[in-house]
Amino acid sequence: MQQVKELRERTQAGLNDCRSALVEAGGDMEKAVEVILKRGLAKSAKRAGAVTTEGVVVARVSDDSKSGVLVEVNIQTDFAARNEDFLSFAARVTEVASKSKASPGADLGAEAYPGGSGTVEQTRQALVAKLGENITVRRWSRLSVEGSGRVHAYVHMGGKVGALVSLSTGTEEAAATPELDKFADDVAMQITAMDPRYLGAEDVPAEDKRKQSEIFDAQLAEEGKPEKVRAKIVEGKLAKWLKEVCLLEQQSVLETEKTVGKLVTELSAKLGTSVHLVDFVRYQRGEGIDSAGADFAAEVAKLAGG
């Protein structure tokens, strides 16, 4: 039943459909998601579970703009997430991450807490006791550039979603221009709004393309489309999907007649030197964290006759 609940949260398909999909997939969750998609029971599936956990996403970029970190710190309720002590803790943890020599994502608990006498973990425990709610330093990422370029951060909706983006330039002078700064900010906002999964079409793993093609083909079969015409339709659907999930292929949210890739090319010409989007990271608060909901329990009870 726990697997059924997770599949339900990821696909929003009915309980019976989720149960039969898991049986067909032999209990493999990812295969069960594919079964649901192929049957056309869900147009899309969340890459992870429900998005309900509270907290904040915080970004910090170095003074020279050569590196930056994105951190997510979670707490149980929205009320506590607005507490000044909690927000201060999240900011200090972000400071720790920005200075840490550890690999991105490593546990920061043993690191010294800025302005205190203990560690991050000891401070977290003390804050849990004070606020009466559990707190977790869930994840953090770092981006940096070697040579000419910059890292830019954007956090939206009071810490609900944030992004880091790294850009390289042909000259250091170009990296310091207002034009590049504005472009970096626009791209970071694009990332938070449009949730791309990959940088460019060439970065999409062949296995991901294959799975998506299989899903499209199965959906068409469910709709009764003859096999001889499905391949061409799948090709078109896959091309459209790539434009949705690849940052460089997406339409700009600010200049909708142009792609992000086209804007990069135009900026390069304007600055008279090369400009490249190197990498990006996007965090949405609570994504992927499973939480048992009353709606699920009520639906199970209803199906069981309770």
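**Charged side chains and their labels**

Trainee: Why is K211 called partly exposed?

Mentor: In this predicted model, K211 has a relative accessibility of 30%. Buried means under 20% and exposed means over 50%, so K211 falls in between and counts as partly exposed.

Trainee: What makes K211 and E34 a salt bridge?

Mentor: Their closest N and O atoms are 3.6 Å apart. The cut-off is a Lys or Arg side-chain nitrogen within 4 Å of an Asp or Glu carboxyl oxygen, so the pair qualifies. This pair links distant parts of the chain, with K211 in helix α9 and E34 in helix α3, 177 residues apart. Both belong to a network of salt bridges that also includes K38, E207, R210 and E214.

Trainee: And why is E34 called buried?

Mentor: E34 has a relative accessible area of 15%. Since buried means under 20%, the label fits E34.

Trainee: How do you know that R124 and E121 form a salt bridge?

Mentor: The N to O distance is 2.9 Å, and the limit is 4 Å, so this pair passes too. Because R124 and E121 are 3 residues apart in helix α6, about one helical turn separates them.

Trainee: Which of the labels do R124 and E121 get, buried or partly exposed?

Mentor: R124, at 17%, counts as buried, whereas E121, at 28%, is partly exposed. The boundary is 20%, so the two labels follow.

Trainee: What makes D203 eligible for a negative surface patch?

Mentor: D203 has a relative accessible area of 38%. Patch residues need over 30% and no salt bridge, so D203 clears the area cut-off. Its patch partners are E202, E249 and D279.

Key: Residues numbered from 1 in each chain as written. Predicted model: local features only at pLDDT ≥ 70, side-chain atom pairs only at ≥ 80, totals over all residues. Heavy atoms only, no water. Patch = residues over 30% accessible without salt bridge, like charges linked within 9 Å, V, L, I, M, F, W, Y side chains within 5 Å. Areas by Shrake-Rupley, 256 points an atom, 1.4 Å probe, with all protein chains shown as cover. Lys, Arg positive; Asp, Glu negative; His and termini not counted. Charge placed at Lys NZ, Arg CZ, Asp CG, Glu CD. Buried < 20%, exposed > 50% of the residue type's maximum accessible area, 1.4 Å probe, protein only. Helix = DSSP H or I, 4+ residues; strand = E, 2+ residues; numbered from the N terminus.
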